[in-house]
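Here is a short, friendly briefing to read with the model open beside you. Take a look at the chain first, and then we can walk through it topic by topic.

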Amino acid sequence: CIYSSSISVLFSPVLNGFFQPGTFWLFAGITVVGVIFMVFLLPETKDKTLEEVEQLFMNKQELEDLASSRNPQQTKS
């Protein structure tokens with residue numbers, strides 16, 4: 001949604017600033033960077049529960065806080 005909106009807003013000014021093939025290659029390059037980001041930096045979430053997905057995106061401190069809140073009798077070493 002954000003990508004399609006930005007293309008709609010930016011296409012005409014970019015086309016006026018560059019020549020037509022340059023505009024195509026600019027947006028193609030942005031798309032390639034986005035695909036590389038998705039493939040290498042986003043974790044796989046298929047067949048995972050919502051809780052497992054949330055844990056993927058939590059930092060170490062949040063995970064420790066969550067574990068201690070679930071087991072209040074345990075003390076940290």
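In which helix is the place of Phe-57? Phe-57 sits in helix 3, and we will come back to this residue below. Please keep in mind that the model is predicted. The chain has 4 helices and 0 strands, and its radius of gyration is 21 Å, whereas a compact globule of 77 residues would have one near 11 Å.

**Overall build**

- Read from the N terminus, the order of elements is α-α-α-α.
- Along the principal axes, the C-alpha atoms of the chain fill a box of roughly 65 × 20 × 20 Å.
- Only a small share of the chain is covered: 6% of its 77 residues count as buried.
- The chain exposes an accessible surface of about 6,900 Å², and carbon and sulfur atoms account for 65% of that surface.

**What the UniProt record adds**

- An unreviewed UniProt entry annotates residues 1-46 as "domain: Major facilitator superfamily (MFS) profile".
- Across residues 1-46, the chain is 83% helix and 0% strand, and the C-alpha atoms at the two ends lie 22 Å apart.
- The UniProt record, again an unreviewed entry, also lists residues 24-42 as "transmembrane region".
- Across residues 24-42, helix makes up 95% of the chain and strand 0%, with 26 Å between the end C-alpha atoms.

**A buried threonine in helix 2**

- Thr-23 belongs to helix 2, which covers residues 20-41.
- Thr-23 counts as buried because its relative accessibility is 1%, and the cut-off for buried is under 20%.
- Leaving aside residues up to four places away in sequence, Thr-23 touches Phe-11, Val-14, Leu-15 and Phe-18.

**The nonpolar patch on the surface**

- A nonpolar surface patch, with about 1,100 Å² of accessible area together, is formed by Val-32, Val-35, Ile-36, Phe-37, Met-38, Val-39, Phe-40, Leu-41, Leu-42, Leu-56 and Phe-57.
- Which helix gives the most to the nonpolar patch? Helix 2 does, with 8 residues.
- Helix 3, residues 50-57, also takes part: helix 2 and helix 3 each supply at least two residues of the patch.

**Two members of the patch, side by side**

- Val-39 is placed in helix 2, and it counts as exposed because its relative accessibility is 56%, with the cut-off for exposed being over 50%.
- Phe-57, our helix 3 residue from the opening question, is exposed because its relative accessible area is 54%.
- How many residues apart in sequence are Phe-57 and Val-39? They are 18 residues apart in sequence, and their C-alpha atoms are 16 Å apart in space.

**The loop between helix 2 and helix 3**

- Asp-47 is found in the loop that lies between helix 2 and helix 3.
- Is Asp-47 buried or exposed? Asp-47 counts as exposed because its relative accessibility is 74%.
- Asp-47 has a positive phi of about 60 degrees, although it is not a glycine.

Conventions. Residues are numbered from 1 along each chain as its sequence is written. This is a predicted model: local features need pLDDT of at least 70, side-chain atom pairs count only at pLDDT 80 or more; totals for chains, interfaces and linings use all residues. Side-chain values use heavy atoms; hydrogens and water are left out. UniProt positions are given in the numbering used here, feature names are shortened, and annotations may be inferred rather than shown by experiment. Buried means under 20% relative accessible area, exposed over 50%, partly exposed in between (1.4 Å probe, protein chains only). Contact means heavy atoms within 4.5 Å. Patches are made of residues with over 30% relative accessible area and no salt bridge: like charges are joined within 9 Å, nonpolar side chains (Val, Leu, Ile, Met, Phe, Trp, Tyr) within 5 Å. Accessible areas come from the Shrake-Rupley method with a 1.4 Å probe; for residues, only the protein chains shown count as cover. A salt bridge is a side-chain nitrogen of Lys or Arg within 4 Å of a carboxyl oxygen of Asp or Glu. The radius of gyration is taken over C-alpha atoms; the globule rule is 2.2 Å times the number of residues to the power 0.38.
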